[in-house]
Amino acid sequence: MAINIYDSFTNHRAGEIFKGISFNDEVFVMEWTMLPEGYVLLEHVHLYQDEKFYVRSGNLKVVIDGIAHTASAGETITVPKGKRHIAYNHGKDILNCVVEYRPGLDHYKFFQCFAGLIQDDYLDKTGGIDVPKMAYFLFRMNAKCMARPTKIPAPVYSFALRFFYLLGT
């Protein structure tokens with residue numbers, strides 16, 4: 001089934017809502033909404049892209065390389081490529097942000113895969129994406145846009161991408 005990245009989709013277990021806004025080679029833009037006390041389920045690194053959060057409402061906390069940064073409505077936080085980070089709703093209200101990935105690369109492929117796995121309920125018990133399936137699709141698509149969970153060392157992650165592709169998860 002084809003995924004329309006402009007239709008919002010929800011990870012009910014994690015309390016996140018995503019909606020694509022636009023994309024091209026320079027930038028991928030999405031709307032990201034998180035319920036109170038919610039957080040991104042795993043610390044990760046974007047290998048080739050900067051990530052910028054524009055806070056529309058609520059309070060955002062992003063921990064970048066162990067240092068906490070906070071932003072409220074009208075403020076931004078930028079995560080440079082290659083930096084480990086995790087984001088949280090840092091308040092009791094719903095958090096709504098516009099998030100940019102620069103360069104855009106082929107982030108729409110990642111986003112379609114991510115949306116498809118969520119819609120097909122390929123999630124672990126905490127709401128996290130099925131990493132072997134995601135690795136399979138990213139390798140198969142030869143995705144340039146790549147995020148690596150920081151708990152998985154880079155050489156192991158590189159091997160896992162190939163392994164799960166060959167396994168055909």
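Buried here means under 20% relative accessible area and exposed means over 50%, with partly exposed in between. The model is a predicted one, and that scale sorts its residues throughout. Asp121 has a relative accessible area of 45%, so this residue counts as partly exposed.

A good place to start is the hydrophobic interior. In soluble globular proteins, nonpolar side chains tend to be buried together. Here the largest nonpolar core holds 39 residues, and the members that touch the most others are Trp32 and Leu60. Quite a few elements chip in with two or more residues: strand 3 (28–34), strand 5 (50–57), strand 6 (59–64), strand 8 (76–79), strand 9 (85–89), strand 10 (95–102), helix 1 (107–119) and helix 2. Helix 1 is the top contributor, giving seven residues.

Now for the two hubs themselves. Trp32 sits in strand 3, and its relative accessibility is 3%, so it counts as buried. Setting aside residues up to four places away in sequence, Trp32 touches Glu16, Ile17, Phe18, Val40, Phe53, Leu60, Ala87, Leu95, Asn96, Cys97 and Val99. Thr10 is 22 residues from Trp32 in sequence, and the C-alpha atoms of the pair are 9.9 Å apart. Leu60, with the same kind of sequence neighbours left out, touches Trp32, Phe53, Val55, His69, Thr70, Ala71, Ile77, Ala87, Tyr88, His90, Leu95 and Cys97. The two hubs thus appear in each other's contact lists, Leu60 in that of Trp32 and Trp32 in that of Leu60.

Next comes the N-terminal end of the strand list. Phe9 lies in strand 1 (residues 9–11) and is buried, because its relative accessible area is 3%. Beyond neighbours within four places in sequence, Phe9 is in contact with Glu16, Ile17 and Phe18, and also with Phe111, Phe114, Ala115, Ile118 and Gln119. Glu26 is another story: this residue is 17 places from Phe9 along the chain, and their C-alpha atoms are separated by 24 Å.

On to the helix pair. Helix 1 and helix 2 pack with their axes 10 Å apart and at an angle of about 150 degrees. Angles over 145 degrees count as roughly antiparallel, so that label applies to helix 1 and helix 2. Their crossing is right-handed. From helix 1, the residues Phe110, Cys113, Phe114 and Leu117 meet Lys133, Met134, Phe137 and Leu138 of helix 2. Sorted by class, this contact comprises seven nonpolar residues, no polar ones and one charged residue. An α-helix has 3.6 residues a turn, so residues three or four places apart point the same way. As for burial in helix 2 (residues 131–140), the buried residues are Lys133, Met134, Ala135, Tyr136 and Leu138.

Helix 1 also holds His107. With 2% relative accessibility, His107 counts as buried. Its contacts, not counting residues up to four places away in sequence, are Phe28, Gln49, Tyr101 and Cys145.

The backbone has some oddities worth flagging. Most residues other than glycine have a negative phi, and most peptide bonds are trans. The bond from Arg102 to Pro103, however, is cis, with omega near -10 degrees. Pro103 belongs to the loop between strand 10 and helix 1, and Leu105 is found in that loop as well. Leu105 takes a positive phi near 45 degrees, and a relative accessible area of 25% makes this residue partly exposed. Farther along, the loop between helix 1 and helix 2 contains Asp121, whose phi is positive too, near 60 degrees. Just after helix 2, Asn142 shows a positive phi of about 50 degrees.

Finally, helix 3 (residues 154–167) brings in Tyr157. At a relative accessible area of 8%, Tyr157 is buried. Leaving out residues up to four places away in sequence, Tyr157 touches Leu138, Met146, Ala147, Arg148, Pro149 and Ile152. One of these, Leu138, is also listed among the buried residues of helix 2. Ala135, another buried residue of helix 2, is 22 residues from Tyr157 in sequence, with 8.6 Å between their C-alpha atoms.

Conventions:
Residues are numbered from 1 along each chain as its sequence is written. This is a predicted model: local features need pLDDT of at least 70, side-chain atom pairs count only at pLDDT 80 or more; totals for chains, interfaces and linings use all residues. Side-chain values use heavy atoms; hydrogens and water are left out. Buried means under 20% relative accessible area, exposed over 50%, partly exposed in between (1.4 Å probe, protein chains only). Helices (H or I, at least four residues) and strands (E, at least two) are DSSP runs, numbered from the N terminus. A nonpolar core is a set of buried Ala, Val, Leu, Ile, Met, Phe, Trp, Tyr and Cys residues joined through side-chain atoms within 4.5 Å. Contact means heavy atoms within 4.5 Å. Axes are lines fitted to C-alpha atoms, for helices over the stretch in contact, and angles run from 0 to 180 degrees between N-to-C directions. Angles under 35 degrees count as roughly parallel, over 145 as roughly antiparallel, 65 to 115 as roughly perpendicular and the rest as oblique. A crossing is left-handed if the near helix is turned anticlockwise from the far one by less than a right angle, and right-handed if clockwise. Ala, Val, Leu, Ile, Met, Phe, Trp, Tyr, Cys and Pro count as nonpolar, Asp, Glu, Lys and Arg as charged, and the others, Gly among them, as polar.
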